[in-house]
Amino acid sequence: MQEKQLILVINPGSTSTKIGVFQEDDAIFEETIRHSIQELNTFHSVFDQYESRKKIILDTLSKANIPLSSLRAICGRGGLLRPIEGGTYVVNEQMLEDLRKGYAGQHASNLGGVLAFEIARELDIPSFIVDPVVVDELEPIARISGLPLIERKSIFHALNQKAVARRVAKQLGRSYQDLRLIVVHMGGGITVGVHRGGRVIDVNNGLNGDGPFSPERAGTVPAGDLVALCFSGKYYREEIIKKLVGQGGLVGYLGTNDAVKIEKMIENGDMYAKFIYDAMAYQIAKEIGAASAVLDGNVDAIILTGGLAYGSQFVQAISQKISWIADVIVQPGENELKALAEGALRVLNGEEHAKDYPGKTVEHEGRNWERRESDD
Ligand SMILES: Nc1ncnc2c1ncn2[C@@H]1O[C@H](COP(=O)(O)OP(=O)(O)OP(=O)(O)O)[C@@H](O)[C@H]1O
Ligand SMILES: CCCC(=O)O
């Protein structure tokens with residue numbers, strides 16, 4: 001019988017399911033399955049899509065002649081779980097429960113761990129998730145928002161940010177743990193992470209209204225004006241949320257989230273499109289400046305990654321404002337499938353122990369910075 005040697009990785013996105021099959025860290029098969037708005041609209045919740053996405057994954061593997069019996073592990077992109085530190089986690093009952101109910105909200109990546117677990121269970125092989133969007137390694141001081149009722153949260157492109165940071169460390173012949181990096185993921189959402197000692201000690205919450213505006217998201221907006229909008233009587237709660245996430249940023253100003261199209265508009269002389277595109281670069285540069293202050297100006301490199309990093313003019317507009325801080329390294333696109341496979345491999349090859357969810361969460365550690373009676 002042939003030895004089980006392949007790793008299946010699953011990355012469910014809002015409009016697609018990306019899958020990959022890896023032999024060690026080489027991809028032998030990758031496919032992006034797109035889901036139309038019409039198809040997605042037939043489901044009430046993210047979780048209702050589970051059966052349909054599972055069938056699509058199994059059919060795709062079968063068409064590609066990849067026998068399930070050749071799989072040694074399955075790794076999915078994890079979702080809005082409890083705040084946890086980075087790493088590879090075994091999918092367990094507690095995680096499944098949190099993913100199913102959407103512990104911290106609904107996100108397509110909530111399906112990743114469940115799909116990995118259910119397919120793996122039938123094959124009696126292990127299932128994992130790696131660096132979910134809720135990876136939380138914030139320093140206590142970064143949690144302070146300025147309003148005691150609201151705490152800053154870590155929700156960001158942890159999987160790609162950490163994978164790119166490790167890759168750059170390797171290229172520089174250094175260890176990730178030794179470097180002080182600013183990693184800027186520029187996709188549909190934009191997150192600027194401060195990496196120190198192998199941990200992301202500060203980052204904007206890319207999902208819930210924090211940081212630079214992005215192709216689809218508003219980022220930080222003036223709080224007073226937002227409150228006035230909420231109580232204007234003109235909008236329902238869901239409409240306001242949609243304006244901030246989905247219909248904000250480039251979509252709000254220019255009616256598209258497609259930066260390639262916007263670059264064409266600019267090429268054709270659309271000065272308003274240029275102004276808004278420049279404003280996005282300006283806000284990203286400003287956030288990088290703030291991140292450099294977190295590192296006391298002692299920054300080894302600034303890494304620009306994600307789909308927008310393919311835009312050379314855009315990269316140029318950001319770089320000219322921040323290249324005085326540190327070397328700018330451009331790593332366009334995202335390599336999330338490979339990052340999932342690498343995360344599983346580090347465990348399967350014994351380089352790392354898989355973590356047990358939830359482990360020591362930020363919630364378990366408690367708020368050791370909170371004011372207590374005895375402090376008075
Ligand atoms: N060649 C290119 N030049 C300029 N912009 C590009 C290019 N290719 C993609 N983009 C832009 O990158 C953005 C999407 O990036 P990406 O694919 O990383 O995001 P995503 O995976 O949809 O979302 P997220 O990264 O937030 O999870 C879009 O605005 C897209 O138009
Ligand atoms: C910021 C978390 C990932 C996303 O863009 O949805």
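**View 1. Two helices, α5 (158-171) and α12 (336-348), each give at least two residues to the lining of the largest cavity.** Welcome to the first close-up of this predicted model. The complete list of lining residues reads V130, D131, L159, A163, R166, A339, E342 and R346. Sorted by class, that lining holds four nonpolar and four charged residues, with no polar ones. The space inside the largest cavity comes to about 30 Å³. When the whole structure is searched, one cavity of 30 Å³ or more turns up. As a reminder of the idea behind such a search, rolling a probe the size of a water molecule over the atoms shows where empty space is left.

**View 2. Ligand 1 sits among 16 surrounding residues.** If you would like to start with the closest of them, look for H185, G189, N257, A259 and G307. Three polar contacts are worth picking out here. From its side chain, H185 offers an N or O atom that is 2.7 Å from an oxygen atom of ligand 1. G189 uses its backbone instead, placing an N or O atom 2.9 Å from an oxygen atom of the ligand. A259 also takes part through a backbone N or O atom, which is 2.8 Å from an oxygen atom of ligand 1. On its own, ligand 1 has 650 Å² of accessible area, and the protein covers 68% of this. Which helix supplies the largest share of the shell around ligand 1? That is α9 (residues 259-267), with three residues. Taken by class, the shell of ligand 1 is made of nine polar, five nonpolar and two charged residues.

**View 3. Ligand 2 is surrounded by H107, V133, I155, F156, H157, G206, L207 and R217.** Here the contacts to follow come from side chains. An N or O atom in the side chain of H107 is 2.9 Å from an oxygen atom of ligand 2. For the side chain of R217, the distance from such an atom to an oxygen atom of ligand 2 is 2.9 Å. The side chain of H157 has an N or O atom 3.1 Å from an oxygen atom of ligand 2. Ligand 2 exposes 230 Å² when taken alone, and the protein buries 92% of that area. The shell of ligand 2 contains four nonpolar, three polar and one charged residues.

**View 4. A salt bridge joins R100 and E118.** The closest N and O atoms of this pair are 3.1 Å apart. Why does the pair tie together parts that are 18 residues apart in sequence? Because R100 belongs to helix α3 (residues 93-101) while E118 belongs to helix α4 (residues 110-123). If you count salt bridges throughout the model, you reach 21.

**View 5. Two loops carry backbone features to look at: a positive phi at D124 and a cis peptide bond from Y357 to P358.** For background, most residues other than glycine have a negative phi, and most peptide bonds are trans. D124 is not a glycine, yet its phi is positive, at about 60°. You will find D124 in the loop that runs between α4 and β6 (127-130). Now turn to the bond from Y357 to P358, where omega is near 0°. Where is P358 placed? P358 lies in the loop between β12 (355-356) and α13 (362-365).

Methods. Residues are numbered from 1 along each chain as its sequence is written. Chains are lettered from A and ligands numbered from 1 in the order in which they are written. This is a predicted model: local features need pLDDT of at least 70, side-chain atom pairs count only at pLDDT 80 or more; totals for chains, interfaces and linings use all residues. Side-chain values use heavy atoms; hydrogens and water are left out. A residue is near a molecule or strand if one of its heavy atoms lies within 4 Å of it. A polar contact is a pair of N or O atoms within 3.5 Å; within protein, one must be able to donate a hydrogen and the other to accept it, and residues adjacent in sequence count only if both atoms are side-chain atoms. Accessible areas come from the Shrake-Rupley method with a 1.4 Å probe; for residues, only the protein chains shown count as cover. Helices (H or I, at least four residues) and strands (E, at least two) are DSSP runs, numbered from the N terminus. Ala, Val, Leu, Ile, Met, Phe, Trp, Tyr, Cys and Pro count as nonpolar, Asp, Glu, Lys and Arg as charged, and the others, Gly among them, as polar. On a 1 Å grid over the protein atoms alone, a cavity is a set of points where a 1.4 Å probe fits but cannot get out, and a pocket is an open set with protein on both sides within 12 Å along at least five of seven lines; lining residues have an atom within 4 Å of a point. Grid points are joined across faces, edges and corners, and a volume is the space filled by probe spheres set on the points. A salt bridge is a side-chain nitrogen of Lys or Arg within 4 Å of a carboxyl oxygen of Asp or Glu.
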